[in-house]
Protein chains: 2
Amino acid sequence: MVNLIDGKATAATIKAEIKAEVEAIVASGGKRPHLAAILVGHDGGSETYVKNKVLACEACGFESTLLRFEDDITEQKLLDEVEKLNANPSVDGFIVQLPLPKHIDEQKVIEAIDPRKDVDGFHPVNVGRMAIGLPAFISATPKGILELLRRYNIPTSGKKCVILGRSNIVGKPMSQLMMQKNGGDATVTVCHSHSPQLKDECREADIIIAAIGRPAFVTADMVKPGAVIIDVGTTRVPDPTRKSGYRLSGDVDFENVAPLCSAITPVPGGVGPMTICMLMQNTLQAARQS
Amino acid sequence: MVNLIDGKATAATIKAEIKAEVEAIVASGGKRPHLAAILVGHDGGSETYVKNKVLACEACGFESTLLRFEDDITEQKLLDEVEKLNANPSVDGFIVQLPLPKHIDEQKVIEAIDPRKDVDGFHPVNVGRMAIGLPAFISATPKGILELLRRYNIPTSGKKCVILGRSNIVGKPMSQLMMQKNGGDATVTVCHSHSPQLKDECREADIIIAAIGRPAFVTADMVKPGAVIIDVGTTRVPDPTRKSGYRLSGDVDFENVAPLCSAITPVPGGVGPMTICMLMQNTLQAARQS
């Protein structure tokens, strides 16, 4: 029988755990964790993400600050704002919502963030520390996937894990976490658009983590019976039956794949809800350290 | 017919190329690249490595400085020496030869090195920048292997590459370089001591990179005819017929595997000689940037 991995419920549980810990900190005279977010411009997706992050802060008992700037902000002004947050002792962690307008060098902005406040885990210092197994802020999506696997008691040690996609925010860090002795301890294969052997690799996988951004890319013929499927895809596909005119599609042909699996994440409600929740965990970690 | 990958000859070619470039820089009024090395104590292996690095500097036309300290040096004194090298404008890059005595925190020393002078590529900033595909100092062994594959025109894009071992200095960075679009562009699998499927993975591999530290671990039954084998192992095994009493053994059963391969690196004379040569390349890169 298929075990549906409920990211929404798991995220709610974790947020309740975080809130309990925060109230205990406050009760013993400590300070509430404080997450700040910089939002540039009015991109619809970014507005939604940032709004949800602010709501998650409330749910966790955090203080939150949203700094908004128009999309004609200069790179220097944005760097100055980052510097102010670095220097502000009341802020434990902060994020700069991506993407940024074209005239701003995103990487320069990311590298301007104090690694100790980089709760997105995008600064090279955190990427590097994570890669060599040192304490670090781990970016939300791969961290959330590992957390889901653990909370559902899915064994990973010695298993064959195939990761589809080699992006800097999912595929690459996921591969590092899954191969580490103190992480997944799995045998990890990373496939991508230039992998002729992708289907064969999938067929042998005990765990497939799909982050390739193509709707319904993983089909039933690619899945070994009993496999665990983690679907990171969130592509908007047109759907005239919805008020919004679209629905979110994962990278997995859920309807046909689910009956084969021992466990699978749905889209939406699987990996997605875990992401913001891991940002909250990172912020709590930053608050403990500061 | 087996193509023997001659690391010694390739390294000599690259050193000659570096020397030619250095002489051109000097002829046009530039400064010779300058590599410094800190050596603590009298470990035999470390003495040899550092001596070879100094010799390689001479071969490349570099200036070199060796700073020696006894193994009772305090951590703070060593950190002060690192700080002096960071601040010394005549030094383009430097290394702290590992291992360090037990009372010194190696990671702390590595993180004290200015990433712009970290020609070993061990600082988390360089590890992280490499992981996300940004310009960085790449550590010598994985960089040397990629260079060997390129100089021998061995196709990697879309090939199945199996890496044995997940160490921070070989397996993990090698996997990142081999999977990147601008790197190997291969389908990469990392196996390790907890991988029950290791032999099966090897049998399907177009390229095997063995860095597991077990003499003759890769046997003929694990190799697909026509595969490319890169042997990173260098274990000392007793050999009474040698004056030294030992010989170096790779991770591959060379005698029986070589006849099957399209290309293979010997031990010694394969990956080993490339390592110091890549340190020289990194030092030249540091000098160009400073």
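**Figure 1. Surroundings of B:Glu47 in helix α2 of chain B.** B:Glu47 is partly exposed, with 14 other C-beta atoms within 10 Å. On this scale a residue is buried if 20 or more other C-beta atoms, placed from the backbone, lie within 10 Å of its own, exposed if 12 or fewer, and partly exposed in between. The helix that holds B:Glu47 covers residues 44-60 of chain B; helices (H or I, at least four residues) and strands (E, at least two) are DSSP runs numbered from the N terminus. B:Gln97 is 50 residues apart from B:Glu47 along the chain, and their C-alpha atoms are separated by 9.1 Å. The model is predicted: local features need pLDDT of at least 70, side-chain atom pairs count only at pLDDT 80 or more, and totals for chains, interfaces and linings use all residues. Residues are numbered from 1 along each chain as its sequence is written, while chains are lettered from A and ligands numbered from 1 in the order in which they are written.

**Figure 2. Crossing of helices α1 and α2 in chain A.** The axes of α1 (residues 7-27) and α2 (residues 44-60) of chain A come within 8 Å and cross at roughly 55 degrees. Axes are lines fitted to C-alpha atoms, for helices over the stretch in contact, and angles run from 0 to 180 degrees between N-to-C directions. The crossing makes α1(A) oblique to α2(A); angles under 35 degrees count as roughly parallel, over 145 as roughly antiparallel, 65 to 115 as roughly perpendicular and the rest as oblique. From α1(A) the contact takes A:Lys15, A:Ile18, A:Lys19 and A:Val22, and from α2(A) it takes A:Ala56, A:Ala59 and A:Cys60. Two residues are in contact if their C-beta atoms, placed from the backbone, lie within 7 Å. By class, the contact has five nonpolar, no polar and two charged residues; Ala, Val, Leu, Ile, Met, Phe, Trp, Tyr, Cys and Pro count as nonpolar, Asp, Glu, Lys and Arg as charged, and the others, Gly among them, as polar.

**Figure 3. Interface between chains A and B.** In this interface, 30 residues of chain B are in contact with 30 residues of chain A. On the side of chain B, α5 (124-131), α7 (171-179) and β6 (187-191) each give two or more residues. The largest share, seven residues, comes from α5(B). This side of chain B has eleven nonpolar, 13 polar and six charged residues. The copies meet through the same surface, because 100% of the interface residues of chain B are also interface residues in chain A.

**Figure 4. Helix α10 of chain A and the cis peptide bond from A:Val267 to A:Pro268.** Helix α10 (residues 271-289) of chain A has 19 residues and reaches 27 Å from its first C-alpha to its last. That is close to the 27 Å expected at 1.5 Å a residue, the expected span being 1.5 Å times one less than the number of residues. Because 16 of its 19 residues are buried, α10(A) is largely enclosed by the rest of the structure. A:Pro268 has its place in the loop between β11 (263-264) and α10 of chain A. The peptide bond from A:Val267 to A:Pro268 is cis, with omega near 0 degrees.

**Figure 5. Positive phi at B:Asp185.** B:Asp185 is not a glycine, yet has a positive phi of about 55 degrees. B:Asp185 lies in the loop between α7 and β6 of chain B. With 21 other C-beta atoms within 10 Å, B:Asp185 is buried.
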